[in-house]
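User: Could you walk me through this one? I'd like to learn how to read cavities, helices and sheets.

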Amino acid sequence: MAAQTPSDSNHDIVRLENARKIYQMGAEEVRALAGVNIAFKRGSFWAIMGPSGSGKSTMMNVLGCLDRLTSGAYYLDGKDVSQLDDDSLSELRLSYLGFIFQSFNLIPQLTVQRNIELPLYYLGWDAVRSAQRAKELAEMVGLGERLNHRPTELSGGQMQRVAIARALTNDPQIIFADEPTGNLDSATGEQIMELLDNLNRQGKTIIMVTHEPDIAAHARSRLHMMDGLIDRIETETHETSEDRQKHLARH
């Protein structure tokens with residue numbers, strides 16, 4: 001299994017060079033990433049796939065600045081973030097990245113509006129500006145009438161829409177989606193993927209982990225991992241929205 005050679009293009013928003021992540025499990029070393037080289041271009045839509053233990057979750061955590069490499073380099077928008085301290089990584093996540101999780105990760109005691117606003121509190125936004133931003137995003141995901149509801153009053157699909165709105169508060173350059181439809185029925189999952197498709201068409205870079213081929217079909221590039229390495233990469237060559245819809249229809 002050969003890793004892809006990273007591109008030198010100025011359009012690369014993410015680049016890993018000889019990325020290695022080793023976990024010490026007692027006396028045993030687990031090589032979650034075993035020397036990965038890969039580059040993702042700005043505005044691309046990637047699905048990361050692979051069996052349990054293949055390294056896909058570790059790849060997502062490293063790219064999302066939630067975990068550190070043991071060795072190698074990680075360039076985010078041209079900047080080597082491999083050696084940043086915890087505070088710098090936290091600031092980078094808050095200001096530059098957006099996250100969508102399978103379990104939604106909403107705070108049950110807070111309303112839809114407050115859940116969406118939460119990252120803005122840490123960014124120092126005032127209450128009026130935060131409320132306006134939350135309202136705009138709730139309307140964008142079709143929940144403009146649900147601002148005062150709490151998560152327990154929402155369906156799974158609605159909760160994931162809230163999570164997507166929250167991920168967009170800081171206008172992130174990259175959206176990381178970890179099994180974003182894993183807790184949803186197929187019809188609701190397709191609705192969530194339509195939202196992600198629209199965000200990608202608006203220029204957002206999306207990097208998604210999924211084990212579902214029909215969900216991965218929404219991505220233009222699919223990275224298959226095995227034993228901490230890249231097994232293969234599938235990339236769609238079509239560019240027009242009409243061709244895109246034909247591709248999705250086949251899946």
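**Reading the empty spaces and what surrounds them**

Analyst: About 80 Å³ of space lies in the largest cavity. This is a predicted model, where local features need pLDDT of at least 70 and side-chain atom pairs count only at pLDDT 80 or more, while totals for chains, interfaces and linings use all residues. Residues are numbered from 1 along each chain as its sequence is written, and side-chain values use heavy atoms, with hydrogens and water left out.

User: How does one find such a space, and which residues line the largest cavity?

Analyst: Rolling a probe the size of a water molecule over the atoms shows where empty space is left. On a 1 Å grid over the protein atoms alone, a cavity is a set of points where a 1.4 Å probe fits but cannot get out; a pocket is an open set with protein on both sides within 12 Å along at least five of seven lines; and a lining residue has an atom within 4 Å of a point. Points join across faces, edges and corners, and the volume is the space filled by probe spheres set on them. Here the largest cavity is lined by Val62, Cys65, Asp67, Arg68, Leu69, Tyr74, Val81, Ser82 and Leu89.

User: What classes of residue are in that lining?

Analyst: Six nonpolar, one polar and two charged. Nonpolar covers Ala, Val, Leu, Ile, Met, Phe, Trp, Tyr, Cys and Pro; charged covers Asp, Glu, Lys and Arg; the others, Gly among them, are polar.

User: How many cavities of 30 Å³ or more are there in the whole structure?

Analyst: Three. The second largest holds about 60 Å³ of space, and its lining is Met60, Asn61, Leu66, Phe99, Ile100, Phe101, Phe176, Ala177 and Asp178. Helix H1 and strands E6 and E7 each give two or more residues to that lining. Its make-up is seven nonpolar, one polar and one charged.

User: And what about the largest pocket: how much space lies in it?

Analyst: About 420 Å³. Its lining has 18 residues, and Leu94, Phe99, Phe101, Pro119 and Arg166 are the ones nearest its centre. The elements that supply two or more residues are helix H2 (86-96), E6, helix H3 (112-123) and helix H5 (156-167). By class, you get ten nonpolar, six polar and two charged residues.

User: Back to H1. Is that helix largely enclosed or open, and why?

Analyst: Buried means under 20% relative accessible area, exposed over 50%, and partly exposed in between, with a 1.4 Å probe and protein chains only. Helices (H or I, at least four residues) and strands (E, at least two) are DSSP runs, numbered from the N terminus. H1 covers residues 56-63, and six of its eight residues are buried, so the rest of the structure largely encloses it. The buried ones are Lys56, Thr58, Met59, Met60, Val62 and Leu63. Just after H1, Cys65 has a positive phi of about 60°.

User: What does H1 pack against, and how do I read the sheet there?

Analyst: Two strands pair if DSSP finds at least two bridges between them. Follow the partners and you get an open sheet of six strands with mixed pairing, in the order E6-E7-E8-E3-E9-E10. E6 (97-101) and strand E10 (229-235) are the edges, each with a single partner strand, so one side of each has no neighbour in the sheet. From one strand to the next the twist averages 20°. H1 touches E3, E6, E7 (174-178), strand E8 (205-209) and E9, and its direction makes about 150° with that of E8. Contact means heavy atoms within 4.5 Å; axes are lines fitted to C-alpha atoms, for helices over the stretch in contact, and angles run from 0 to 180 degrees between N-to-C directions.

User: Which way do E3 and E9 run?

Analyst: Parallel, with four bridges joining E3 (residues 45-49) to E9 (residues 221-226). Ala47, for one, has Arg222 as its bridge partner in E9.

User: What is the strand order in the open sheet of four strands?

Analyst: E2-E1-E4-E5, with antiparallel pairing. E2 (28-41) and E5 (79-80) each have a single partner strand, so each has one side without a neighbour in the sheet. E4 (residues 71-76) pairs with E5 over two bridges, and Tyr75 stands opposite Asp80 in E5. H1 also lies across E1 (12-25), E2 and E4, at about 60° to E2.

User: Where is Asp227, and is it buried or exposed?

Analyst: Asp227 sits in the loop between E9 and E10 and is exposed, at 53% relative accessible area. Its phi is positive, near 55°, in a residue other than glycine.
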